Amino acid sequence: GWIAKVPDYLLNANVQAITALNQLPRGFGRMGVSTTGDAEPSLTHAYIILGIYALAFLVIAYYLFRKRDVTG
């Protein structure tokens, strides 16, 4: 079902899809994190999802900054 597709929208899977462009051996630099061998998301999907994450983090940071701003 839809639960099987959730990992495609997490940060780790999308970052790994982009860093796979370095063509390093599988498991290099992953500090013991094992994957099930599933296919990684496409590059377009990874860039879109990471862009959404970046936008969400910027909005949260701006909101927290405005909330805690002493001079405002």
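Does Ile60 count as buried, exposed or partly exposed, and at what relative accessibility? In this predicted model, Ile60 has a relative accessibility of 47% and therefore counts as partly exposed, since buried means under 20% and exposed means over 50%. Ile60 is found in helix H2. This report considers first the buried side of helix H1, then a nonpolar patch on the surface, and finally a pair of aromatic rings.

**The buried side of helix H1**

Helix H1 spans residues 11-19, and within it Ala13, Asn14, Gln16 and Ala17 are buried. These residues lie on the same side of H1 because they cover an arc of only 160 degrees around the axis. The partner of this buried side is helix H2 (43-68), against which the buried residues of H1 pack.

Asn14, which is placed in helix H1, shows this burial in detail. With a relative accessible area of 0%, Asn14 is buried, because the term applies to values under 20%. When neighbours within four places in sequence are left aside, the contacts of Asn14 are Asp8, Tyr9, Pro41, His45, Ala46, Ile49 and Leu50.

**A nonpolar patch on the surface**

Leu11, Val15, Phe57, Ile60, Tyr63 and Leu64 make a nonpolar surface patch of about 540 Å². H1 and H2 are the elements that give two or more residues to this patch. The largest share comes from H2, which supplies four residues.

**An aromatic pair in helix H2**

How many aromatic pairs are counted? The count comes to one. The pair is formed by Tyr53 and Phe57, whose ring centres are 6.0 Å apart and whose planes meet at 40 degrees, an arrangement described as tilted. The angle explains the label, because planes under 30 degrees apart count as stacked, those over 60 as edge-to-face, and the rest as tilted.

Both Tyr53 and Phe57 lie in helix H2, four residues apart, which is about one turn of the helix. An α-helix has 3.6 residues a turn, so residues three or four places apart point the same way.

The table gives the relative accessibility of three residues discussed above.

| Residue | Relative accessibility | Class |
|---|---|---|
| Tyr53 | 24% | partly exposed |
| Phe57 | 45% | partly exposed |
| Ile60 | 47% | partly exposed |

Phe57 links two parts of this account: Phe57 belongs to the nonpolar surface patch and also forms the aromatic pair with Tyr53.

Technical notes. Residues numbered from 1 in each chain as written. Predicted model: local features only at pLDDT ≥ 70, side-chain atom pairs only at ≥ 80, totals over all residues. Heavy atoms only, no water. Buried < 20%, exposed > 50% of the residue type's maximum accessible area, 1.4 Å probe, protein only. Arc of directions from axis to C-beta. Contact = heavy atoms within 4.5 Å. Patch = residues over 30% accessible without salt bridge, like charges linked within 9 Å, V, L, I, M, F, W, Y side chains within 5 Å. Areas by Shrake-Rupley, 256 points an atom, 1.4 Å probe, with all protein chains shown as cover. Salt bridge = Lys/Arg side-chain N within 4 Å of Asp/Glu carboxyl O. Phe/Tyr/Trp six-rings, centres within 6.5 Å; stacked < 30°, edge-to-face > 60°.
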